[in-house]
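Reader: Got the model open. Can you take me through the ligand site, a helix pair and some odd backbone spots?

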Amino acid sequence: MTNGSTIIEPFKRLRRLRMTDAFRSMVRETELSVKDFIYPLFVVPGTNVKHEIGSMPGVYHFSIDQLVRECADVYALGIPAVILFGIPEHKDEVGSEAYAPDGIVQRAVRAIKKEVPKLIVVTDVCLCEYTSHGHCGIVRGEEIVNDESIALLAKEALSHAEAGADLIAPSDMFDGRIGAIRSILDANSFQNVPIMSYAAKYASGFYGPFREAADSTPAFGDRRSHQMDPANSDEALREVEQDILEGADIVMVKPALSYLDIIRRVKDRFAMPTAAYNVSGEYSMIKAAGRNGWIDEPRVMMEVLVSMKRAGADIILTYFAKDAAKLLKNI
Ligand code: PBG
């Protein structure tokens with residue numbers, strides 16, 4: 001009692017367990033681990049190339065020789081997996097280099113598996129980096145056609161498996177592609193090569209920096225006829241369900257940060273191994289603000305990554321993987 005007014009002492013004090021580091025860590029619900037990460041890498045033709053991508057500080061184009069060295073570093077940090085994106089020598093209407101046995105990704109996979117055999121090598125399966133028009137499939141007039149495109153994607157997936165890819169990750173969002181890829185892999189004795197589908201992939205402005213990195217900006221139009229409308233949530237569940245029915249082993253939500261609600265719904269509904277793609281724009285925004293001194297970059301990076309895990313992601317594809325691994329290991 002002071003001055004006639006009553007101070008009500010709270011009986012319940014949620015702050016008790018926040019008072020010390022020891023208590024905070026004892027009751028922490030979500031823990032990030034380096035084992036959660038898949039590190040995206042861009043491979044280009046040539047030798048001795050390590051060229052920083054302007055819109056993505058700290059991310060590089062690597063020629064295969066340099067890529068292998070990078071993979072050894074990544075593995076030494078405890079990061080279990082990389083996902084490869086290839087930028088070919090030549091592009092054409094049908095993205096021929098995407099499924100050429102000696103294409104850039106196929107050669108890169110062989111080189112990595114030879115030198116760093118225990119690193120999981122994931123390959124992104126799409127045509128957009130390989131087509132002259134920058135679309136993810138075959139174009140007829142204004143239409144990006146579905147069925148002919150998935151036949152080529154299946155061919156691409158098979159060529160990746162033949163090169164030794166450990167996990168196949170189709171990122172196109174055409175209908176029926178998971179089934180087509182599962183069938184061709186099974187028919188060629190790759191029953192044990194799993195598929196991580198970009199199952200709920202949105203038509204997002206957050207891919208901007210990636211399109212510079214992968215040189216895959218569409219020459220006309222956009223990707224809204226196959227990627228999802230950012231306004232939709234139930235539809236994401238239908239997409240994910242379909243991919244599971246067709247044989248997806250891991251399902252991915254992409255982008256991550258503006259879609260944490262989708263990650264949570266997918267995890268709750270299907271209880272599948274669930275991946276989140278912390279995409280290029282999400283990375284570049286934090287890097288840019290950090291460089292300007294507007295935010296504490298390492299702190300925001302960890303906050304963003306843990307939010308994805310808290311939302312239900314088991315796996316996080318992130319350009320921050322190396323930075324976060326170093327922070328987690330205090331190096
Ligand atoms: C398509 C693909 C894209 C990304 C991964 N795979 C780009 C797109 O759909 O336009 C984006 C990744 C990122 O922004 O980090 N091959």
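Author: The ligand site comes first, then the helices and the backbone. This is a predicted model, where local features need pLDDT of at least 70, side-chain atom pairs count only at pLDDT 80 or more, and totals for chains, interfaces and linings use all residues. Residues are numbered from 1 along each chain as its sequence is written, and side-chain values use heavy atoms, with hydrogens and water left out.

Reader: Which residues come nearest the ligand?

Author: Lys201, Arg211, Lys254, Ser280 and Tyr319, out of 17 around the ligand (a heavy atom within 4 Å).

Reader: Which polar side-chain atoms lie by a nitrogen atom of the ligand?

Author: Those of glutamate 129, at 3.3 Å, and serine 171, at 3.2 Å. Tyrosine 319 has one 2.6 Å from a ligand oxygen. The protein covers 100% of the 410 Å² of accessible area that the ligand has on its own (Shrake-Rupley, 1.4 Å probe).

Reader: Switching topic. At what angle do helix 10 and helix 11 pack?

Author: About 100 degrees, with the axes 11 Å apart. That makes helix 10 roughly perpendicular to helix 11 (65 to 115 degrees). Helix 10 covers residues 297–311 and helix 11 residues 321–328 (DSSP runs of H or I, at least four residues).

Reader: What meets what?

Author: Glu297, Pro298, Met301, Met302 and Leu305 in helix 10 meet Asp323, Ala324, Leu327 and Leu328 in helix 11 (heavy atoms within 4.5 Å).

Reader: Backbone now. Where is the cis peptide bond?

Author: Between lysine 254 and proline 255, with omega about -10 degrees. Most peptide bonds are trans.

Reader: And what about phi at asparagine 48?

Author: Positive, about 60 degrees, although asparagine 48 is not a glycine.

Technical notes: Axes fitted to C-alpha atoms, helices over the stretch in contact; angles between N-to-C directions. Helix = DSSP H or I, 4+ residues; strand = E, 2+ residues; numbered from the N terminus. Parallel < 35°, antiparallel > 145°, perpendicular 65-115°, else oblique. Polar contact = N/O pair within 3.5 Å; in protein donor to acceptor, adjacent residues only side chain to side chain.
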